[in-house]
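The following exercises ask the reader to work from a sequence and its model to a description of the fold. Each task is followed by a solution in steps.

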Amino acid sequence: MTKKAMKIGRWGLPAVSLALATHVSAAIDPDRSILPPEQPWHGASEALAARPTDPWITPSEKTGLTATPSYAETRAYLDRLVQASPLLRVETFGRTAQGRDMIVVVASKDGASLDPAKPVLLVQSGIHPGEIDGKDAGLMLLRDIVVRGKSSLLDRVNFLFVPVFNIDGHERTSPYNRPNQRGPVSQGWRTTAQNINLNRDYMKADTPEMQAMLGLINRYDPALYLDLHVSDGLDFQYDITYGFQDAPYAQSPAANRWLEQVYRPQVDAALKARGHVPGPLVLAVDDRKPTDGLSLPHFPANFSHGYGDLRHMPAVLVEDHALKPYRRRVLGEYVLLEATLRTLGSDGALLKRDIAEDRARRGPMTITWKPRTDPVRNVHFLPMKSERFLSDVSGGYEVRWLGQPAPAVDIPLFGSQADKTVDLPAAYWVSAVDVAVIDRLRRHGIRMETLDQPRTVSVDMIRISDPKLATMPVENRVPVTAGAFQHERHEETYPAGSVRVPTDQPLGRLAAELLEPETEESFFSWGFFPAMLERTEYIEGYVVEPMGAAMLARSPALKAEFDQKVKSDPAFAASPDARLTWLYAHTRYYDQRYLLYPVGRETAK
């Protein structure tokens, strides 16, 4: 789900020690009886499920929509559908870290070549394989398109369906993977075989799975991208929630309007008509104090819908509610998918026009965000009853959900506000030595010019100060932060193989998010430039001490700066090494590339 949900390690509780884990494994396994009481439900969408005798019943329907099939069983069912109809084909678009084929189902009336005039809907399930509702809903919908008379859904839309994104995690299945979720019986694991969360890998694109997905996106250029999840955190009355980058933060404002004014009303109406309770994507300010309000912050572009907004590919994050039974969630997901196809068929031309408007957008860009202390607005919300109690187990106040609807309330929604906004340069320059960075830029589909011979250019460059490495790895990397970013003018010679990345292109803002070092999702922040943080040339004290003494004697201004540093910084004053290093840094012998971010910014002087 999202980063506000309580997670062991990075997002919430500290990692559990091995000794404690051993005690936990020997304890009695918890069961779903500890969850809040389940509310009875019946809806018109129940008619979508196949009868037990139906020859096209899906593997999950055979269990009454309580279990989900393995990847092999999923593929076998899809192969049956493909054999039954020319409307479907299966393509392999990549391989996982463990070598499994990644497949996409192409549902179209266009044959081998898709009509570029038709909008493409790309839907992915199983980026977090424990949250697998979308896979089983998608199998049902594809079945009904092929053999149950719903082929008209493809009249004006082409449908791409990735049944499982994180296949290796999908196959690491267990009844004990998501104790806060009602079904399916056995659930996949959140991360990949490399222990990377794919919904944090969109920008750095370290995994073969994400690299394959970026290739699929670049190949088909979807007009709408759906990422199907199951929620964590709050209990509420909604069974299907969904959302997108909120309007105040949108880098694609025209598409955002379409999602809010065209897409949401039609999908909500379809869900309500089938007996479901649609709701907005929101987080709790504090999961332990639900009355403190809700939150919908700016989502960074390592999330699917943040990434889609940044690259002007409308993206919707769907979060079925974990405490609703699997059957209800899968049926609701089916309704949402069918309504999405209908909406894109009827209003896709308007969306494509809005996408073109967003891709032509230029101008200043907010590169850092900060929490907003006052509410963005109030939202109408359908909560569940709860109570707070002092726990003897945790030693603090916890929340107990009672499984009963509470009266509707208008509740404050908190969010983010712009922190730093910049004018983008005409282009970024990346040296040929930064192979991984150039590789990732290409995988994102960003247009660039590759030098066939060296070129010397005048560029704005950024020198950082006070760099800090994360104390623990995050998503298989060691993130970097800096205390300050100081701009300098340089004449730089870039060797053959270097690239110039213009910002006057549809993916210019994506390039800026990756190459401006201050952004949360930049290559710098993810640790792609470790070499700039290391000094590799030094000088002995017996050399720098007399050199420093002469410098201080020659320059009253330097001596005043040095004396002030000694006076104001006791640790500096007490360290001979620190004092001599400070003087060394003020000589021409010092490494002028140390802490210099190597990406140039092509700007006016």
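Two residues are in contact when heavy atoms of theirs lie within 4.5 Å. The model examined here is predicted.

**Exercise 1. The surroundings of Arg100**

Task: Determine where Arg100 lies, whether Arg100 is buried, exposed or partly exposed, and which residues Arg100 touches.

Solution.
Step 1. Locate the residue in the chain: Arg100 belongs to the loop that joins strand 1 (88–95) to strand 2 (101–107).
Step 2. Classify its accessibility. A residue is buried under 20% relative accessible area and exposed over 50%, with partly exposed in between. The relative accessible area of Arg100 is 29%, so Arg100 is partly exposed.
Step 3. List the contacts, leaving out residues up to four places away in sequence: Arg100 touches Gly94, Arg95, Ile167, Asp168 and Glu171.
Step 4. Consider a separation in space: 34 Å lies between the C-alpha atoms of Arg100 and Thr519, which are 419 residues apart along the chain.

**Exercise 2. Two buried loop residues**

Task: Describe the positions of Pro119 and Lys324, and state which residues each one touches.

Solution.
Step 1. Pro119 is situated in the loop between strand 2 and strand 3 (120–125). With a relative accessibility of 6%, Pro119 counts as buried.
Step 2. Beyond four places in sequence, Pro119 touches Arg156, Val157, Asn158, Ala223, Leu344, Gly348 and Lys352. From Pro119 to Leu351 the C-alpha distance is 8.7 Å, although 232 residues separate them in sequence.
Step 3. Lys324 occupies the loop between strand 10 (315–320) and helix 9. Its relative accessible area is 9%, so Lys324 is buried.
Step 4. By the same sequence exclusion, the contacts of Lys324 are Arg182, Asp235, Phe236, Gln237, Tyr238, Asp239 and Arg329. Lys324 and Asp136 are 188 residues apart in sequence, with 16 Å between their C-alpha atoms.

**Exercise 3. Backbone geometry**

Task: Find which peptide bond is cis, from Gly183 to Pro184 or elsewhere in the loop, and identify the positive phi values of Ala205 and Asn476.

Solution.
Step 1. Begin with the background: most residues other than glycine have a negative phi, and most peptide bonds are trans.
Step 2. The bond from Gly183 to Pro184 is cis, its omega being near 0 degrees. Pro184 sits in the loop between helix 5 (167–171) and helix 6 (208–220).
Step 3. Ala205 is not a glycine, yet its phi is positive, at about 50 degrees. Ala205 also lies in the loop between helix 5 and helix 6. Its relative accessible area is 0%, so Ala205 is buried.
Step 4. Asn476 likewise has a positive phi, near 70 degrees. Asn476 is found in the loop between strand 20 (468–469) and strand 21 (480–481). At a relative accessible area of 56%, Asn476 is exposed.

**Exercise 4. The nonpolar cores**

Task: State which residues touch the most other members of the largest nonpolar core, and which helix contributes its largest share.

Solution.
Step 1. The largest nonpolar core holds 121 residues, and those touching the most other members are Phe159, Met213, Leu224, Leu226, Tyr263, Leu441 and Leu515.
Step 2. Helix 9 (residues 326–359) supplies the largest share of this core, with twelve residues.
Step 3. Another core lies apart from it, with 18 residues, including Leu283, Val379, Met384 and Ile411.
Step 4. Take Tyr263 as an example: not counting residues up to four places away in sequence, Tyr263 touches Leu224, Leu226, Tyr242, Trp258, Val316, Leu336, Thr340 and Thr343.
Step 5. Turn to helix 15 (residues 576–585), where Trp582, Leu583 and Tyr584 are buried. The buried residues of helix 15 pack against helix 12 (541–554), helix 13 (556–568) and helix 14 (570–573).

**Exercise 5. The protein as a whole**

Task: Describe the overall dimensions, burial and charge of the protein.

Solution.
Step 1. The secondary structure consists of 15 helices and 24 strands. The radius of gyration is 27 Å, close to the 25 Å that the globule rule gives for 605 residues, so the protein is as compact as a globular protein of that length.
Step 2. The C-alpha trace spans about 95 × 65 × 45 Å along its principal axes.
Step 3. Of the 605 residues, 53% are buried. Among contacts with a separation of 6 or more, 79% join residues 24 or more positions apart.
Step 4. Carbon and sulfur atoms account for 54% of the accessible surface of about 26200 Å².
Step 5. There are 71 positive and 75 negative side chains, and the centres of these two sets are 2 Å apart.

Notes: Residues are numbered from 1 along each chain as its sequence is written. This is a predicted model: local features need pLDDT of at least 70, side-chain atom pairs count only at pLDDT 80 or more; totals for chains, interfaces and linings use all residues. Side-chain values use heavy atoms; hydrogens and water are left out. A nonpolar core is a set of buried Ala, Val, Leu, Ile, Met, Phe, Trp, Tyr and Cys residues joined through side-chain atoms within 4.5 Å. Buried means under 20% relative accessible area, exposed over 50%, partly exposed in between (1.4 Å probe, protein chains only). Helices (H or I, at least four residues) and strands (E, at least two) are DSSP runs, numbered from the N terminus. The radius of gyration is taken over C-alpha atoms; the globule rule is 2.2 Å times the number of residues to the power 0.38. Accessible areas come from the Shrake-Rupley method with a 1.4 Å probe; for residues, only the protein chains shown count as cover. Lys and Arg count as positive and Asp and Glu as negative; His and the chain ends are not counted. The place of a charge is taken as NZ of Lys, CZ of Arg, CG of Asp or CD of Glu.
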